[in-house]
Every structure is written in structure tokens, then in C-alpha cells.
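Let's take a relaxed look at how some helices sit against each other, and then at a few single residues.

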Amino acid sequence: MSKKRPFIEGLIVGLVVMFFINSVVSTVGRRVSGSREFGFEEKASTIIQIIERYYAGDFDMRDLEEGMFTGLVFGLGDRYSVYMSADVYSEFMERIRGGGGGVGMGARVQAHPDGIGLWIIEPFEGAPAYEAGIRGGDIVTHVDGIDISGFDQETAVEMIRGEEGTLVVLTVLRGYETFEVDIIRARFEIPSVTHRVMEDNIGYIFLRGFDRVTLVQFENALNELVAEGVEGLIIDVRNNPGGLLDVVANIADLILPEGIIVYTETRDGSREIFHSRGNYVNLPLVVLVNEHSASASEVLAGAVRDHERGTIVGNQTFGKGSVQRPFELSDNSAIKLTISRYYTPNGISIHGEGITPDYIVSLDERLMFRIQAISLEEDTQLQKAVEVLREKMLK
């Protein structure tokens, strides 16, 4: 009898526990499942009720709401469309207005083992990021403690920019190590365009981006090369993350025959078309691209390809062919939404596809971060561009 008693007591306790668990599961099941469809508000309300009743930890209702709004836009499956809370949007706009200061590095959004971050292509020598020890290949995961994994490239970059003399703290992933870097924003002069004359009278122009100053710098470089009597031209947009659409359209106008450069198309089919006038420098042309050539860089390469104006050399480009616009909400939060897509003159979408070069040539990744610092002997992509251009110049 003494041996049976613990067994019976255990059985009774087990049945009580099972009854309690089944009651809870049954209650939750009646709320969550069922044959009918939930309305959006009803479903959200039901989830909140379950959290309030059963969640074992502490939570802030405002955090739940912000997370829901973030997830709502995230559900589009478009990395370039994002929700920004009022605080994040205010900081974002303040930094845009402040302008004037930055850290000096080329970057683009890229996935990493722990999520999505801002992958550093090149810290510009002499700029704050370079002096603070940022290296090519580093990945920024947070800006001033804010996780940027849900932000598109332009938003993340603008969060790093700000007023000259102010501090920005970047959380950096390097290999398996994560650490913080304090950087004081500053004004610095990094040429958007550099150029030179190579052997065999070949003109070379490198574009870091497509900013407001790029058009004037490109036009000056092109005029100088023509004045020096170059017989062929290489335009290098490797590691170029893009920039302003009107800037790349005006640059393309200087090297393309008359016709369409690029057009954007909205959801309802409305188009904005950019044309070249046909008053252009007609030299044999090669455009150098790689996997970090994005957006406006792809617009330029796509227009050159479709007009059969030149040859594309390098690696498949990034594939960012969409236009974003911020929409401010009544509570001062905002969403940045993709509103249209780029199309090449032949109506080909760049987005998610990129531009396939005529000649696919790879470059050692260790050299990719130092494209402007390596020699022609090391730069296999530039070597191929020169080879192709020499053949064109002989025809």
C-alpha cells in the first residue's frame, strides 16, 4: 500500500496539470484558430490580448505597434521600402538637412550571417572613416545604436551623414568580431571623378558616384581628355553604388547618340523618359562594371549596351533598378516606398537582374577594395577593357 500511494498521488497531480494545460491550449485555440477569416484589426487585437494574458516577460505596447508597422512594410518583400518611426525619421531628415558632414566611405547594403548591413566597399583615404580604422569589407550593422537591417541603402547612408563636427557611433562586423567605432563627421574633398591618359592614347575616367558635383567634374574630365587627343575612352563605374537619376542621364547625354537613355514606370504605367540629344563625343568606348555597380551605374551601362555604343567589361552588376520616395505620416513617422522602376532603352528591367557584361572578367576580392590603388598588371578587368578598346581603335 505504501508503494502504491506515491503512484496514485503522482497520477492525480499529472491529471490536474494535463487538465490545466488543455484548458489553456483550448482557450488559446478558440481565439487563434477557427474556420472563419480574421479581419486585420480583429486579428491584431486578438494577438495583443493573448500577449497581455500569457506573455511571461515585460513589454511596451508602443514597441509592439512599431514592430507591427515595420513588419507591415517589410511584408512587401522589398528591401528598399521601409518604415521609419518618428524618432528615426526625424533623425534621418535632420541629417539630410545638415549635410555638410560625413565619414567618407563607399558602401552598399548586403546580407551577412547575422542579417543585413551596410557593406563598406572603400573608406576614402584621409577621410574620417579611414582615419578611424574602417576597412573595405567591414559591415556596419548599427548606427548610433539603431539596427539598420531593415533600411535600404540610401536611408542607412543618410543616417551616417550629419552635421560637421558631430559624433556618429558605428557598430562594425569584421569577420566574426563585432565592435564600435566612434567617428567625428567632417567636411572633406573626395573627387567624384578622376581621370588620366593611359598608354596608346586611351582616356580613362573613374566615377565614384553620381552626386551633384559629378556632372561638372565628368564634363571637365571628358573635355580635357578630348583636348589631349585621346582615341578611345574607358569609363569605370566599378564599386559605384549609384546616385541621382538626372545626373547620370546628363552624363549619358555626353556619350550617347540621340534616343532614350532610361525611363521609369510606376504601378499605373505612367512613365518618365530621359532622352539624349545626340550631341556627343563619339570615341570608341568601354564601360567597366562589377557586382558593386548599382542603380545609376547600371542605368549608364544599360544605355550604352542598348544603343550598341560601347562594350561592357567586368562582372554582373548589382541589380538595383527602383526609385524610392518618402511619405510622412500624421504622427511624424514615415514610410520610404518604391514608387517606380528603371528600364533600359530596350525596355529591360534592371531590378533584380543587373547588367550582364559582354566580357565577364573577375578580379581578386582583395584587390576589389583598392581598385584605384592597384597597377594595371594586377587589374585583370582593366587589362581586358584596354585590350577590347585597342581592337576597337584599330577598326
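## Helices side by side

α8 and α9 cross in a right-handed way; a crossing gets that name if the near helix is turned clockwise from the far one by less than a right angle, and left-handed if anticlockwise. Bear in mind that this is a predicted model, where local features need pLDDT of at least 70, side-chain atom pairs count only at pLDDT 80 or more, and totals for chains, interfaces and linings use all residues. Residues are numbered from 1 along each chain as its sequence is written, and side-chain values use heavy atoms, with hydrogens and water left out.

Helices here are DSSP runs of H or I with at least four residues, strands are runs of E with at least two, and both are numbered from the N terminus. Axes are lines fitted to C-alpha atoms, for helices over the stretch in contact, and the angles run from 0 to 180 degrees between N-to-C directions. Here are the three pairs:

| Helix pair | Angle | Axis distance |
|---|---|---|
| α2 (residues 40-54) and α3 (residues 61-74) | about 140° | 12 Å |
| α7 (residues 212-227) and α8 (residues 245-253) | about 10° | 8 Å |
| α8 and α9 (residues 296-306) | about 30° | 9 Å |

That angle makes α8 roughly parallel to α9. The cut-offs are simple: under 35 degrees is roughly parallel, over 145 roughly antiparallel, 65 to 115 roughly perpendicular, and the rest oblique. Leu245, Val248 and Ala252 of α8 meet Ala296, Val299 and Leu300 of α9, contact meaning heavy atoms within 4.5 Å. By class, that makes six nonpolar, no polar and no charged residues. Ala, Val, Leu, Ile, Met, Phe, Trp, Tyr, Cys and Pro count as nonpolar, Asp, Glu, Lys and Arg as charged, and the others, Gly among them, as polar.

How do α7 and α8 lie relative to each other, roughly parallel or roughly antiparallel? With their angle, they are roughly parallel. Arg212, Thr214, Leu215 and Phe218 of α7 make this contact with Asp246, Val247, Asn250 and Ile251 of α8. The mix is four nonpolar, two polar and two charged residues.

Now for α2 and α3, which are oblique to each other and have a right-handed crossing. On the α2 side you'll find Phe40, Ala44, Ile48, Ile51 and Glu52, and on the α3 side Met61, Leu64, Met68 and Leu72. That gives eight nonpolar, no polar and one charged residues.

At the N-terminal end of α3, Asp60 acts as a cap, with a side-chain oxygen 2.7 Å from the backbone nitrogen of Arg62.

## Two residues to find

Ile335 belongs to strand β16 (residues 334-343). Ile335 and Phe69 are 266 residues apart in sequence, yet their C-alpha atoms are 9.4 Å apart in space. Leaving out residues up to four places away in sequence, Ile335 touches Val73, Val82, Tyr83, Arg325, Pro326 and Phe327.

Lys384 sits in helix α11 (residues 380-394). With the same kind of sequence neighbours left out (up to four places away), Lys384 touches Val313, Tyr359 and Val361.

Methods: Polar contact = N/O pair within 3.5 Å; in protein donor to acceptor, adjacent residues only side chain to side chain.
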